[in-house]
Amino acid sequence: MKFVIVFSALFAVAMSASVATDSAHAEVLRYENDNIGVEGYKYAVETSDGKSASEEGVLNNSGKEGASIAVRGQFSYVAPDGNTYTVTYIADENGFQPQGAHLPVGPQ
């Protein structure tokens, strides 16, 4: 029984080390950086370890009282369990609003 516990612990450490090593040596596969300025921005990035992110921000009511930035975006990553998780979100005057199949949903 002790052998199984020790083996399981060593296996978990080895797996987490390989995930960390892969992430540490990830290469950028795609990088886009468009339209960065006073009125807004847009970017996208994807790496060889399965991570990706994109975001677009727009300045609302520029030059007026109550000016704010509205942001839409997404990010994805491969978790240690091997599944790819994706979160899409909006961040605006109503706060940060993430959505993802793996995220809990509050009462409606």
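Here are some notes on the predicted model above, working from the overall fold down to a few side chains.

1. **Overall layout.** The chain holds one helix and six strands. Reading from the N terminus, the order of elements is α-β-β-β-β-β-β, so to speak a helix followed by strands. Of the 108 residues in the chain, buried ones make up 15%. For contacts between residues at least 6 apart in sequence, 11% join residues at least 24 apart.

2. **The sheet.** The six strands form an open sheet in the order S1-S2-S3-S4-S5-S6, and the pairing is antiparallel. Its edges are strand S1 (28-37) and strand S6 (95-99), each of which pairs on one side only. On average, neighbouring strands of this sheet are turned by 10° against each other, direction ignored.

3. **The S2–S3 hairpin.** Strand S2 covers residues 40-47, and strand S3 covers residues 52-60. The two pair in the antiparallel sense over seven bridges, with Tyr41 standing opposite Gly57 in S3. Four residues lie between S2 and S3 in this hairpin, and Gly50 in the turn has a positive phi of about 90°. That glycine is a good spot to look at when you follow the chain from S2 into S3.

4. **Further along the sheet.** S3 also pairs with strand S4 (residues 68-78), again in the antiparallel sense, over nine bridges. In this pairing Glu55 is placed opposite Gly73 in S4. Towards the other edge, strand S5 (residues 84-92) and S6 run antiparallel and are joined by five bridges. Here Asp92 stands opposite Gly95 in S6.

5. **Salt bridges around Arg30.** How many salt bridges does a search of the whole structure find? The search gives three. One of them brings together the side chains of Glu32 and Arg30, at 3.0 Å from N to O. Arg30 also meets Glu46 in a salt bridge, at 3.7 Å from N to O. This second pair links distant parts of the chain, with Arg30 in strand S1 and Glu46 in strand S2, 16 residues apart. Arg30, Glu32 and Glu46 are thereby joined into one network by salt bridges that share partners.

6. **Exposure within that network.** Are these residues buried, exposed or in between? Glu32 counts as partly exposed because its relative accessible area is 36%. Arg30, at 32% relative accessibility, is partly exposed. Glu46 is partly exposed as well, with a relative accessible area of 32%.

7. **The Lys51–Asp49 pair.** Another salt bridge is formed by Lys51 with Asp49, where the closest N and O atoms are 3.6 Å apart. Lys51 is partly exposed, with a relative accessible area of 40%, whereas Asp49 counts as buried at 18% relative accessibility. The cut-off matters for Asp49, because buried means under 20% relative accessible area.

8. **Glu55, a charged residue worth a look.** Glu55 is found in strand S3. Which side chain of opposite charge is nearest to this buried residue? It is Arg72, but at 11 Å away, and Glu55 has no salt bridge. The distance explains this, because a salt bridge needs a side-chain nitrogen of Lys or Arg within 4 Å of a carboxyl oxygen of Asp or Glu. Glu55 does have a polar partner: a contact of 2.3 Å joins its side chain to that of Tyr89.

9. **What surrounds Glu55.** Leaving aside neighbours within four places in sequence, Glu55 is in contact with Tyr41, Lys42, Tyr43, Val71, Arg72, Gly73 and Tyr89. Tyr89, the polar partner, is thus on this list, and so is Gly73, which Glu55 faces in S4.

10. **Tyr43, a link across strands.** Tyr43 lies in strand S2 and is partly exposed, with a relative accessible area of 27%. Setting aside neighbours within four places in sequence, Tyr43 is in contact with Glu32, Asn33, Ala53, Ser54 and Glu55. The C-alpha atoms of Tyr43 and Glu32 are separated by 5.3 Å, although the two residues are 11 apart along the chain. Tyr43 therefore touches both Glu32 and Glu55, given that contact means heavy atoms within 4.5 Å.

Technical notes
Residues numbered from 1 in each chain as written. Predicted model: local features only at pLDDT ≥ 70, side-chain atom pairs only at ≥ 80, totals over all residues. Heavy atoms only, no water. Pairing = 2+ DSSP bridges. Axes fitted to C-alpha atoms, helices over the stretch in contact; angles between N-to-C directions. Buried < 20%, exposed > 50% of the residue type's maximum accessible area, 1.4 Å probe, protein only. Lys, Arg positive; Asp, Glu negative; His and termini not counted. Polar contact = N/O pair within 3.5 Å; in protein donor to acceptor, adjacent residues only side chain to side chain.
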